[in-house]
Amino acid sequence: MSYRKEKFMALSGGHLDNKTTKGLANLFNRVLKNGMHGLCFSPYEEGQAPGDQITEAQIRRRMKIIRPYTKWIRSFSCTDGNEMIPLIAKEYGIKTLVGAWLGDDPEINKKEIAGLIKLAKDGYVDIAAVGNEVMYRGDLTEEELLDFMHQVKEAIPDIPMGYVDAYYEFNDRPKITEACDVILANCYPYWEGCSLEYSLIYMKDMFNQAVKAANGKKVIITETGWPSQGEGLNGALPSYENAIKYFINTQQWSGEDDIKVFYFSSFDESWKVGAEGDVGAYWGLWDKNEKLKFYSSNNPLRFKSRKLFV
């Protein structure tokens, strides 16, 4: 193998191409057991969707499953039971990136912001996220979002505060970037149609664009992942094998370069089909029944031993 090709494979994660299915399963085993910086918490059971009330029991059950594998969790809302997520996480010794979900309903927005501030003042928030992809969706104006960010910062000045959006928004919206203490960037090569072969290089470029826009501020990747099933997008093809390779590449890069990453996501959630098409339901490391996907009956990469996950 030429030096140039060897270097490309190292940068792109191509070293996984020569792995057998058993070898890939073994590596996934080791990477997961070694743990990750952060994981996006998926609270909704089958038949539930945002707006439904979630229970302490379901949060606690899922938190126990992921507890051995992550140092941080990210939550997305401070209402409808989601406000219990950071409390239970803290009980289990997990750090919290807590989000207030902002949309086009002023009353819900007020409740979300009030909930985030209360959780932070009560000691349950390590990083506060004011909104998620609000600019991308067009739910608020830039000034409306900035007002919420300033409100939160004034109320909890000692807690790092940021806004979550696609990596390129921080270059396009310097006022929002300036208002952040920390840049919270979503980086999805999949959603830009990038093939798995080039996805790690692509994500590194996304991250570096956010770093440049941040102008010295800390950048955290708040979402990245790959679906295990569904219809593809240009060169981006969902499959169990691609999802596992992407996870391994992401975690190895995160560890080697000390990049803080919240992987998306913990559990499959069927409600996402409506917003994202059929791939929306298959972003979890665990399936909707809370079983690690390597052991699902329809998974071609099953691995015999389960002892490492007990």
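## Exercises on a predicted model

I88 sits in helix α4, residues 84-91. The model is predicted. Work through the exercises in order.

**Exercise 1.** Decide whether I88 is buried or exposed, and find its contacts beyond the neighbours within four places in sequence.

*Solution.*
- Start with the accessibility. I88 has a relative accessibility of 3%.
- Apply the cut-off. Buried means under 20% relative accessible area, so I88 counts as buried.
- Now list the partners. Leaving aside neighbours within four places in sequence, I88 is in contact with E56, I59, R60 and M63.
- Check one distant residue. V182 is 94 residues from I88 in sequence, and their C-alpha atoms are 24 Å apart.

**Exercise 2.** Place A25 in its helix, state its burial, and give its separation from E241 in sequence and in space.

*Solution.*
- A25 belongs to helix α2, residues 21-34.
- Its relative accessible area is 0%, so A25 is buried.
- A25 and E241 are 216 residues apart in sequence. Their C-alpha atoms are 9.5 Å apart in space.

**Exercise 3.** Compare the span of helix α11 with the expected one, then judge how enclosed the helix is.

*Solution.*
- Helix α11 covers residues 240-257, which makes 18 residues.
- From first C-alpha to last, α11 reaches 26 Å. At 1.5 Å a residue, 26 Å is expected, so the two are close.
- Of the 18 residues, 13 are buried, so α11 is largely enclosed by the rest of the structure.
- Look just past the end. D258 follows α11 and has a positive phi, near 55 degrees.

**Exercise 4.** Test the radius of gyration of the chain against that of a compact globule, and describe the fold overall.

*Solution.*
- The chain has 310 residues, for which a compact globule would have a radius of gyration near 19 Å.
- The chain has 19 Å, which agrees.
- Take the spans next. Along its principal axes the C-alpha trace spans about 55 × 45 × 35 Å.
- Count the elements. There are 12 helices and 8 strands.
- Add burial. Of the 310 residues, 55% count as buried.
- Finish with contact range. Among contacts between residues at least 6 apart in sequence, 67% join residues at least 24 apart.

**Exercise 5.** Describe the accessible surface and the charged side chains of the chain.

*Solution.*
- The accessible surface comes to about 14300 Å². Carbon and sulfur atoms account for 50% of that surface.
- The chain carries 38 positive and 43 negative side chains.
- The centres of the two sets lie 11 Å apart.

Terms used:
Residues are numbered from 1 along each chain as its sequence is written. This is a predicted model: local features need pLDDT of at least 70, side-chain atom pairs count only at pLDDT 80 or more; totals for chains, interfaces and linings use all residues. Side-chain values use heavy atoms; hydrogens and water are left out. Helices (H or I, at least four residues) and strands (E, at least two) are DSSP runs, numbered from the N terminus. The radius of gyration is taken over C-alpha atoms; the globule rule is 2.2 Å times the number of residues to the power 0.38. Buried means under 20% relative accessible area, exposed over 50%, partly exposed in between (1.4 Å probe, protein chains only). Contact means heavy atoms within 4.5 Å. Accessible areas come from the Shrake-Rupley method with a 1.4 Å probe; for residues, only the protein chains shown count as cover. Lys and Arg count as positive and Asp and Glu as negative; His and the chain ends are not counted. The place of a charge is taken as NZ of Lys, CZ of Arg, CG of Asp or CD of Glu.
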